[in-house]
Amino acid sequence: MGERIPAKNEETLYVDLAGDHDKVYNRHLSNGKFLKLRRLFVWPLLLAYFLTPWLNLMERQSVLFDLPERKFHIFWVTFYPQDGILLAFLLIISAFTLFAVTNVFGRVWCGFTCPQTVWTQIFMWLEYKTEGDRGKRMKLDKMPWNVEKVARKGAKHGSWILVGFLTGLTFVGYFTPIRELVVDLATFNAAPSAVFWVMFFLVATYANAGFLREQVCKYMCPYARFQSVMYDANTLVVTYNEQRGEKRGPRKPKVDYREQGLGDCIDCTWCVQVCPVDIDIRDGLQYECINCGLCVDACDSIMDKMGYERGLISFTTENNIAGGKTKFLRPRLIGYVFFILLMAGALVTTLVQRVPMEADIERDRNVMHRINNAGQIENPYRVKIVNMLGDTHRYELRILDNDQFILSGDTSIEVEGGDVKEGIILITVDPADINRLRYDIEVEVRAIEDPSLVKIIETRFMAPQVR
């Protein structure tokens, strides 16, 4: 019998990811190519978000998700729950587009367009305007409460609450007419549910963009956890050139720092001070990095002051750093693009073939069949027509390819734009014309004003036992 191997008595180590963190005092940058690029993305997105609910088209709000009526108005088109397949296509296309962009450019979605990033950027700008830059904010937090501190803190939190309120009001305005919502809120006549959701999004915006900030990206967002599966050696990421920068450290003017064994990094830590997620990019690629490029701008500005070549921190690829070439087309990217095109084709095909009406005919389950006063066999049905267009249409119903059957009841139904109407129809037949228990019947529902609006519905006619 062999000797037993003793179990190791090692101490288990735990990493508290959500432990205490020091407050981050970001340095304000006023110039830089990636800062300008972020502004180019941020302003159109903000304007689109805040102004879209105020636009009117066809005598209604341009974008309105009317949940009680189950109508989703998006500019000139009204969608219904039956159009859910279109939403599925859009979500798949969006997901694969995000994968493709991440595969090429890294986490630029997080750094330039994510709502958490955009709103945090707004809040940080307001903080800078009311309390000053990094040094002033640190000094302000340490000083005792006085008139200046109360005024600056009050201005900051007041502006944050105002932005949070406008964000919540706008978001709720996508689900209820925003003009009426503003009037109701101003006159204290708003529905409690509307007030609740406005306040909810006010608090959520205030907390996420004002206090949680980088904690949302680090610990709450799932995207950071699986982004690495989309990366390869050709993905652009923010990278510190260690060979060029090390050994880092301060140096004296007019002294050849290379003879002292120093690299181009002067260890000013500006790249850390401007980072919105509070990481040191010089420690290598980290999952927290959102590829915003602010450390690149900060480092370039220092390189300019020192008279060094730019690019100590840059957007580059692993292959470039290793001295190789970056390949743009690679199998994974081609696969992503293939699925995007496939889903886009399916979406366009579905939209082109979409008929902006729905019709349904359902047999009355309480009556299998009956004999009417004329001695004919009769089946009752309930018909339902949805007009997805903005104008009124009259729809006529008729039976196809079964001349012995007669259609009566609500065979002509007028439906206003965006409305739903129901009716009762009867299908009758002479007993002498039947020889079996069941007949499959096709009923055509066609708009009089526009014959292209047509639906053909299959239903069943039940007859009594033939003797």
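Here is a short walk through a predicted model of a protein chain, from its domains to a pair of helices and then to some strands.

Let's begin with the broad layout. The chain is divided into domain 1, covering 237-322, and domain 2, covering 357-462. Between the C-alpha centres of domain 1 and domain 2 there are 74 Å.

Now find two helices, H6 (residues 147-173) and H8 (residues 192-212). Two packed helices are described by the angle between their axes and the distance between the axes. For H6 and H8, the axes come within 7 Å and cross at roughly 135 degrees. That angle is why H6 is called oblique to H8. The crossing of H6 and H8 is also right-handed. Which residues make the contact? On the H6 side they include His 157, Trp 160, Ile 161 and Phe 165, while H8 contributes residues including Trp 197, Val 198, Phe 201 and Tyr 206. Sorted by class, the contact of H6 with H8 has 13 nonpolar residues, six polar ones and no charged ones.

Next, turn to the strands. A good one to look for is S14, spanning residues 420-429. Strand S10 (residues 377-387) pairs with S14 in the antiparallel sense, over 10 bridges. To see one of these pairings, look for Tyr 381, whose bridge partner in S14 is Ile 425. Strand S12 (residues 405-409) is joined to S14 as well, by five bridges, and S12 and S14 run antiparallel. Here you can spot Ile 406 standing opposite Thr 428 of S14. So S14 pairs with both S10 and S12.

Key: Residues are numbered from 1 along each chain as its sequence is written. This is a predicted model: local features need pLDDT of at least 70, side-chain atom pairs count only at pLDDT 80 or more; totals for chains, interfaces and linings use all residues. Side-chain values use heavy atoms; hydrogens and water are left out. Axes are lines fitted to C-alpha atoms, for helices over the stretch in contact, and angles run from 0 to 180 degrees between N-to-C directions. Helices (H or I, at least four residues) and strands (E, at least two) are DSSP runs, numbered from the N terminus. Angles under 35 degrees count as roughly parallel, over 145 as roughly antiparallel, 65 to 115 as roughly perpendicular and the rest as oblique. A crossing is left-handed if the near helix is turned anticlockwise from the far one by less than a right angle, and right-handed if clockwise. Contact means heavy atoms within 4.5 Å. Ala, Val, Leu, Ile, Met, Phe, Trp, Tyr, Cys and Pro count as nonpolar, Asp, Glu, Lys and Arg as charged, and the others, Gly among them, as polar. Two strands pair if DSSP finds at least two bridges between them. Domain bounds come from an automatic or database domain assignment.
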